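This report looks at one side chain and its surroundings, then at a pocket and the chain as a whole. Please keep the structure in view while reading.

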Amino acid sequence: GGGGSGGGSGMFGRLVKTFTSTAADFLKENYTAGEEDGGNGGSGGGSSGVVGVGRFGAHNVDAGDRAAVDDYAVDASTIVADAERNFAACTSCGGWRVSRANDNYSLCSTYPRTVVVPSCFADIDLYHAAQFRGKCRFPILSWRCRRTGATLSRASQPLPGVTSKRSAADEKLTQAIRMTNARAPTLYIVDARPVANAMANMAMGAGYENTTHYYPKCAIEFLGIANIHAVRGAATRLRDLYAARVRVGSCPKAWLSSLESTQWLHHVSTVLSGGVRVASLLARGQSVYCHCSDGWDRTPQLCALAQVLLDPYYRTTLGFCTLIDKEWVAFGHKFATRHGQIDPNHADTEHAPIFMQWLECVYQVMQQFASAFEFTPALLRVMLHAATGVRYGTFLGDCERERERHGAHRDAPSFWDYLFGATGAAARFANAYYVGPTERGDCADTMLLPETGVDRLRLWDDYYFADADADCVDAFDPA
């Protein structure tokens, strides 16, 4: 749901009513109610489509599984048509199936109702596998290269602890994922964290995979991406630096050294490098399995960025929105907690601009490959405003279950309706220099390889210096 106007009395309904009357009236007049699909929670704020394929359509799942999502209502006719084309274009994945084992959120409260898992792995075993993963976020499919069969899966950290506990179900599921790619015998487990952090988590009952003894034919790599606390600190220092620049009307003294001391571009560079590493492995035909601690911050950064680099579909406007809905919304990135939707106390240690950091990574790629994207960076700014505010049900709450429980699909409009509905807003972000691929080729043929060094990065001045209110008015004004 989320295409509707509606005046529910739930928590999100009260948030929506804080909008200005002009904005609320405009939204009510210009968006039609999205159909609810009964048990699947509708189509707006929630995201109950087949995961690993995007809630807009099975971009990477066997067309034979279409029946599993036929009853899923999407928001805009443009998206529906694109989903139909993706279904028709799908080739047989082989080795994967759609599972409804999480239909009532009993396996994992922060995953969507439907997930994609290896076909040889029974639903009854998913429960045991989930118990060995942080927040029960067990491994599931995210993306698959149709030519090479290489797959991208994602999860949260395992829970071996200092006593090196094991889970036969988790080890079996990991091997099942590895064996779906017959061309590559090794599964690369990419842990986004610094190795020291992963080892420290063992003292708290968590940790990482022991590939030497318990996960054969798997190789683990640590990417050294900082946690939310480091990112929040860097963003705060960057904000203060920009505020000082605005106050004086020019660059403060020692601007470059002050910028370096924020460490913001360093963190962006690390995520960007991690995305390139994941994409490079997949382009070589190697299957990759990503996780961080809980699997809802650094993991979507890596998975989504790798797909932007590999798949030209995700560099189109519709594909990019599909990617965000799949990797961020459906998989349970904590938008409410990270952006302070309910409690705007900016001292909250759970606040962190993780989604903004990822959008800035995409911005950096766009600066180096301007003609590879169907949209301009202006869409990134509008996307960020939509995600950090409470205007749209699409980004309310921390997961699909919360959006269903609080009626986000009923009380708030959908951001996808804004872009692809009657207003036709997506056309306003069209890139006049876009050159799409002539045909869908192997992922290695269409891959973007950006420079990731800090010296090659540019500050996102269009966002940091933009007047937020003016930007929002310009972006959402239908005139």
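In this predicted model, a polar atom of the Arg-315 side chain lies 2.9 Å from the backbone oxygen of Thr-446. Arg-315 sits in the loop between α10 (298–310) and α11 (317–330).

Is Arg-315 buried or exposed, and which side chain of opposite charge is nearest? Arg-315 is buried, and the nearest side chain of opposite charge is that of Asp-311. The distance to Asp-311 is 6.8 Å, and a salt bridge needs a side-chain nitrogen within 4 Å of a carboxyl oxygen, so Arg-315 has no salt bridge.

The two distances given for Arg-315 are set out below.

| Partner of Arg-315 | Part of the partner | Distance |
|---|---|---|
| Thr-446 | backbone oxygen | 2.9 Å |
| Asp-311 | side chain of opposite charge | 6.8 Å |

Leaving aside residues up to four places away in sequence, Arg-315 touches Val-308, Leu-309, Leu-310, Ala-372, Phe-373, Glu-374, Phe-375, Thr-446 and Leu-448.

The next topic is a pocket. The second largest pocket has a volume of about 310 Å³. Its lining consists of 16 residues, and those closest to its centre are Asn-227, Ile-228, Ser-293, Asp-294 and Arg-298. Both α6 (195–201) and α7 (228–248) supply at least two residues each to this lining.

Last comes the whole chain. The chain has 20 helices and seven strands. Of its 479 residues, 61% are buried. Among contacts with a separation of 6 or more, 76% are between residues 24 or more positions apart.

Notes: Residues numbered from 1 in each chain as written. Predicted model: local features only at pLDDT ≥ 70, side-chain atom pairs only at ≥ 80, totals over all residues. Heavy atoms only, no water. Helix = DSSP H or I, 4+ residues; strand = E, 2+ residues; numbered from the N terminus. Buried < 20%, exposed > 50% of the residue type's maximum accessible area, 1.4 Å probe, protein only. Lys, Arg positive; Asp, Glu negative; His and termini not counted. Polar contact = N/O pair within 3.5 Å; in protein donor to acceptor, adjacent residues only side chain to side chain. Contact = heavy atoms within 4.5 Å. 1 Å grid on protein atoms, 1.4 Å probe; cavity = no way out; pocket = protein on both sides within 12 Å on 5 of 7 lines; lining within 4 Å. Points joined across faces, edges and corners; volume = space filled by probe spheres on them.
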